[in-house]
Amino acid sequence: DAGGRIVPGLRVDYLKFTETQTRTTGWDVSPRITARQELTRTGPKTTVKGGVGLFYQPPQPQDMDFVFGRPNLKSNRSVHYTAGLEQQVGSHVQVSVEGFYKALDRLVVQDLSNTGDGRVYGSEWLIRWQNDPKMFGWLAYTLMRSERRETEQEDLHLFEFDQTHILTAILSRDLGGGFRIGGRFRLVSGNLYTANNYGPVDLDRATYQPVASFPQFGSRLGTFHQLDFRIDKSLDAKPLKLSVYLDIQNIY
């Protein structure tokens, strides 16, 4: 195979919603293909990789609701593109970088049908410790941007669930005697929200009526971070193998 591999794939889904007035039915055919090619035959491996695929997501139940939904909805659609490079460093370390782009269309918009579109793009870096029976772990960082709009007449804007920075570190170590200890640290950009401004004064209640700022989701909460801890003990109680563990999430 000269160090190369091509993997095609196909997924077929059929959607039928039973409420007759919503009339949400149809077939979703999703072809996709990925490829890898080793550039080195001896020494630390260098591998290029890439892929492209078509993906669908059915409308949410509330979008197909008999009262609040819309008729004749189609599935949300996106085309995913990825390209990257993997590099072995020594016998235990692998470094990879990957760029990605998602073109979104036919997005379901409340009260408007499948009029939305958008895009997601960015890159991922990964350093992985592997091929070690005593320890494994990785450090991963994603830089990305997610944009949407409800109609073609609008400008693209940040998606409500956009996360610019995502950092994850995981480490697990075998201590011997059936004991293993590990932890995970996450650092993520804060969620977007729409800030309120002071509006007109309600003299009867002696308060200001809030007015949402523009654009929507134009402000961001502070960065979220979390540290998790876990220790477990394996017990060989033949014919059973048992495990007892202590798992503390968001330890601080």
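**Figure 1. The salt bridge between Arg205 and Asp202 in the predicted model.** Arg205 is exposed, with a relative accessible area of 61%. Its partner in the salt bridge is Asp202, and the closest N and O atoms of the two residues are 2.8 Å apart. Asp202 has a relative accessible area of 15% and is buried. The pair therefore joins an exposed arginine to an aspartate that falls under the 20% limit for a buried residue. The structure holds 14 salt bridges.

**Figure 2. The salt bridge between Asp162 and Arg220.** The two side chains meet with an N to O distance of 2.9 Å. This pair links distant parts of the chain, the two residues being 58 residues apart. Asp162 sits in the loop between strand S8 (157–158) and strand S9 (165–176), whereas Arg220 belongs to strand S14 (residues 219–220). Asp162 is buried, at 1% relative accessibility. Arg220 is partly exposed, with a relative accessible area of 29%.

**Figure 3. Surroundings of Ser146 in strand S7.** Strand S7 spans residues 135–149 and includes Ser146. Ser146 has a relative accessible area of 5% and is buried. With neighbours within four places in sequence left aside, the residues in contact with Ser146 are Arg119, Val120, His157, Leu158, Phe159 and Asp162. One of these contacts, Asp162, also takes part in the salt bridge with Arg220. Another, Phe159, is among the residues that lie nearest the centre of the largest pocket.

**Figure 4. The largest pocket and its lining.** The space in this pocket amounts to about 1,200 Å³. Its lining is made up of 35 residues, and Val108, Val109, Arg148, Glu150 and Phe159 are those nearest the centre. Strand S3 (46–57), strand S4 (76–89), strand S5 (93–109), strand S6 (113–129) and S7 each supply at least two lining residues. S5 gives the most, with five residues. By class, the lining of the largest pocket has 13 nonpolar, 11 polar and 11 charged residues.

**Figure 5. A salt-bridge network of four residues.** Arg36, Lys49, Glu86 and Glu98 are linked to one another through a network of salt bridges. Strand S3 (46–57), strand S4 (76–89) and strand S5 (93–109), whose residue ranges take in Lys49, Glu86 and Glu98, each supply at least two residues to the lining of the largest pocket.

**Figure 6. The salt bridge between Asp232 and Arg230.** The side chains of Asp232 and Arg230 meet at 3.4 Å, N to O. Asp232 is buried, with a relative accessible area of 13%. Arg230 has a relative accessible area of 31% and is partly exposed. Arg230 is also one of the residues nearest the centre of the second largest pocket.

**Figure 7. The second largest pocket and its lining.** The volume of this pocket is about 230 Å³. Of the 15 residues that line the second largest pocket, Gly182, Gly183, Arg184, Arg230 and Asp247 lie nearest its centre. S9, strand S10 (179–188) and strand S15 (224–237) each supply at least two residues of this lining. The most come from S10, which gives five. The lining of the second largest pocket divides into five nonpolar, four polar and six charged residues.

Note on methods: Residues numbered from 1 in each chain as written. Predicted model: local features only at pLDDT ≥ 70, side-chain atom pairs only at ≥ 80, totals over all residues. Heavy atoms only, no water. Helix = DSSP H or I, 4+ residues; strand = E, 2+ residues; numbered from the N terminus. Buried < 20%, exposed > 50% of the residue type's maximum accessible area, 1.4 Å probe, protein only. Contact = heavy atoms within 4.5 Å. 1 Å grid on protein atoms, 1.4 Å probe; cavity = no way out; pocket = protein on both sides within 12 Å on 5 of 7 lines; lining within 4 Å. Points joined across faces, edges and corners; volume = space filled by probe spheres on them. Nonpolar A, V, L, I, M, F, W, Y, C, P; charged D, E, K, R; others polar.
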